[in-house]
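Biologist: Pick one pocket in this model and give me a close look at its lining, please. Then carry on into whatever else you can tell me about the fold.

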Amino acid sequence: MNHNLIGGRWVAGTSAANINPSDTNDVIGDYAQADEDQARLAIEAARDAFPGWSRTSPQQRADLLDQVGSEILLRRDELTNLLAREEGKTRAEATGEVTRAGQIFKFFAGEAMRIAGDSMGSVRPGIEVQVTREPVGVVSLITPWNFPIAIPAWKIAPALAFGNCVIFKPADLVPGCAWALAEMLDRAGCPAGVFNLVMGRGRVLGDVLVGPGVDAVSFTGSTGVGASIHARAAQHNIRVQLEMGGKNPLVILNDADLDLAARIACEGAFGATGQRCTASSRLIVEAGVHDAFVARMSEEMGHIVVGDARAADTTMGPVVDGRQLEQDLEFVHHAQVEGARLVCGGTSPTRESPGYYLAPTLFSETTHDMRINREEVFGPVASILRVEDYDEALAMANDTPFGLCAGICTTSLGRAMDFRRNAQVGMVMVNVPTAGVDYHVPFGGRKASSHGPREQGRAAVDFYTNMKTSYFGC
């Protein structure tokens with residue numbers, strides 16, 4: 001059994017099996033499940049370690065992160081196979097994610113050496129002012145199952161780079177990649193208590209990890225859970241960073257290159273089996289190209305091969321588990337009841353091995369008030385909405401409680417610039433898929449999609465550090 005890491009020791013607990021969604025007969029391994037007492041011990045260990053770790057040299061922290069990043073890249077094939085087995089991403093997608101995780105650790109190794117401050121004269125004679133950054137303290141990092149190594153990397157690496165101590169709780173569906181990261185950090189010489197791994201159910205560990213002894217919480221997951229974390233954190237004056245849901249629009253205008261638009265829409269909607277908060281699940285199409293786009297989209301979807309994530313010819317793997325498959329199929333059924341036209345997909349195909357497979361699904365003739373256009377499906381399901389002009393498309397794109405990202409396909413620079421300015425989101429994509437962001441730039445949204453400072457890139461320093469202003473009389 002693979003144990004939790006608490007205070008520099010590998011600690012046992014009750015176990016849970018890690019199941020391959022491409023082949024439910026394949027048990028990847030048994031992983032320990034932490035209880036509330038173990039979570040409290042992890043917080044205590046982190047608190048004890050913080051004074052020493054926060055005062056280490058930037059070079060020591062940089063060396064640790066760089067070593068882990070190098071090992072991730074060196075073990076790329078092994079970790080790719082693990083990720084594909086436990087989450088269901090294709091080998092190409094898993095390789096990309098593992099590579100990104102390694103690059104993130106290396107990026108923040110550099111950032112550890114670039115923690116900047118300011119020095120300035122006061123408005124009062126004989127006084128100098130310095131503005132410096134200091135680590136926040138003990139940080140709980142709670143991550144989702146859809147990016148089991150990249151999202152942990154972009155939370156863990158900056159937290160450690162800026163001198164914080166970490167309690168890491170991964171999603172219970174994907175403990176394998178989390179355990180591999182913990183084991184690498186431990187072997188790289190991360191001091192006892194600086195990094196702690198507690199695997200298990202969120203409903204068991206959640207209150208402890210967002211409670212006394214914790215200074216900040218970074219969470220990625222559902223909007224409902226994010227709201228509950230926010231409320232509990234406020235009771236204890238804990239800093240919060242939340243990345244939650246999305247219902248992202250992709251607008252296709254009459255002047256768009258339809259072949260390119262169809263490829264962009266397919267990648268955005270069905271890449272990673274549609275299990276991305278950045279997925280473009282609402283395809284808003286101008287009336288002049290509506291029918292032609294539906295035809296092009298159907299043709300492009302015909303090239304998608306659904307199967308075992310590890311197979312060389314598979315281009316879309318399974319959904320993550322049986323509960324997610326049931327939820328996706330329920331959305332499909334409800335859309336048909338409400339009057340949407342099923343263009344293709346909507347079925348759960350049988351493959352050689354038992355798995356949670358869903359054909360990529362497209363609806364047309366949908367209306368803005370349908371459930372499928374208001375709620376996040378989090379699966380390979382997209383819907384098309386017909387609009388008369390650009391103004392209606394922009395208004396419909398913004399008419400959602402979410403605001404993570406939005407895309408547009410057009411050959412008009414004027415429309416592209418107007419959309420960039422007026423789309424009510426944190427990220428805008430012009431003639432590229434809504435899903436797919438770089439590791440060195442800020443990530444985050446608006447409205448119900450995000451709360452708190454941005455993740456990734458140089459913006460990560462805002463969440464993981466406190467700013468201090470000091471005055472010196474000369």
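## The second largest pocket and beyond

Modeller: By class, the lining of the second largest pocket comes to four nonpolar, three polar and four charged residues. Here Ala, Val, Leu, Ile, Met, Phe, Trp, Tyr, Cys and Pro count as nonpolar, Asp, Glu, Lys and Arg as charged, and the others, Gly among them, as polar. Before going on: this is a predicted model, where local features need pLDDT of at least 70 and side-chain atom pairs count only at pLDDT 80 or more, while totals for chains, interfaces and linings use all residues. Numbering runs from 1 along each chain as its sequence is written, and side-chain values use heavy atoms, with hydrogens and water left out.

The lining itself is made up of E93, R263, C266, E267, F270, G271, E300, H303, I304, T315 and M316. A pocket, on a 1 Å grid over the protein atoms alone, is an open set of points with protein on both sides within 12 Å along at least five of seven lines; a cavity is a set where a 1.4 Å probe fits but cannot get out, and lining residues have an atom within 4 Å of a point. The space in this pocket is about 200 Å³, a volume being what is filled by probe spheres set on the points, with grid points joined across faces, edges and corners.

Helix α9 (residues 258–270) gives the most to that lining, with four residues. Helices are DSSP runs of H or I, at least four residues long, and strands are runs of E, at least two, numbered from the N terminus. I264 also sits in α9, and at 4% relative accessibility I264 is buried (buried is under 20% relative accessible area, exposed over 50%, partly exposed in between, with a 1.4 Å probe and protein chains only). Ignoring neighbours within four places in sequence, I264 makes contact with L250, C409, N431, V432 and P433, contact being heavy atoms within 4.5 Å. A397 lies 133 residues from I264 along the chain, and their C-alpha atoms are 17 Å apart.

What about enclosed space? One cavity of 30 Å³ or more turns up in a search of the whole structure. Of the 13 residues lining the largest cavity, G274, A279, S281, F378 and G379 are the closest to its centre. The largest cavity has a volume of about 80 Å³, and its lining splits into five nonpolar, five polar and three charged residues.

Now over to α3 (residues 76–87), where T80 is placed. T80 is buried at 0% relative accessibility and, leaving out neighbours within four places in sequence, contacts R91, A94, T95 and V98. The helix has 12 residues and spans 16 Å from first C-alpha to last, close to the 16 Å expected at 1.5 Å a residue; the expected span is 1.5 Å times one less than the number of residues. The buried set in α3 is L79, T80, L82, L83, A84, R85, E86 and E87. These residues pack against β3 (14–20), β4 (23–33), α2 (58–74), α4 (91–112) and α6 (175–187). Just after α3, G88 takes a positive phi of about 100 degrees.

That brings us to α6, which has 13 residues and reaches 18 Å from first C-alpha to last, close to the 18 Å expected. In α6, 10 of the 13 residues are buried, so the helix is largely enclosed by the rest of the structure. Among these buried residues are P175, C177 and L185. G189, just after α6, has a positive phi of about 100 degrees.

C177 is worth a second look: its relative accessible area is 1%, so C177 is buried. Why no disulfide there? A disulfide is a pair of cysteine sulfur atoms within 2.5 Å, and the closest cysteine sulfur to that of C177 is in C277, 18 Å away, too far for a bond. C165, buried at 0% relative accessibility, has its closest cysteine sulfur in C190, 8.0 Å away, also too far for a bond. By this rule the count is zero disulfides.

Last stop: I229 in helix α8 (residues 223–235). I229 is buried, with 8% relative accessible area, and touches I142, V210, V217, F219 and L242, not counting residues up to four places away in sequence.
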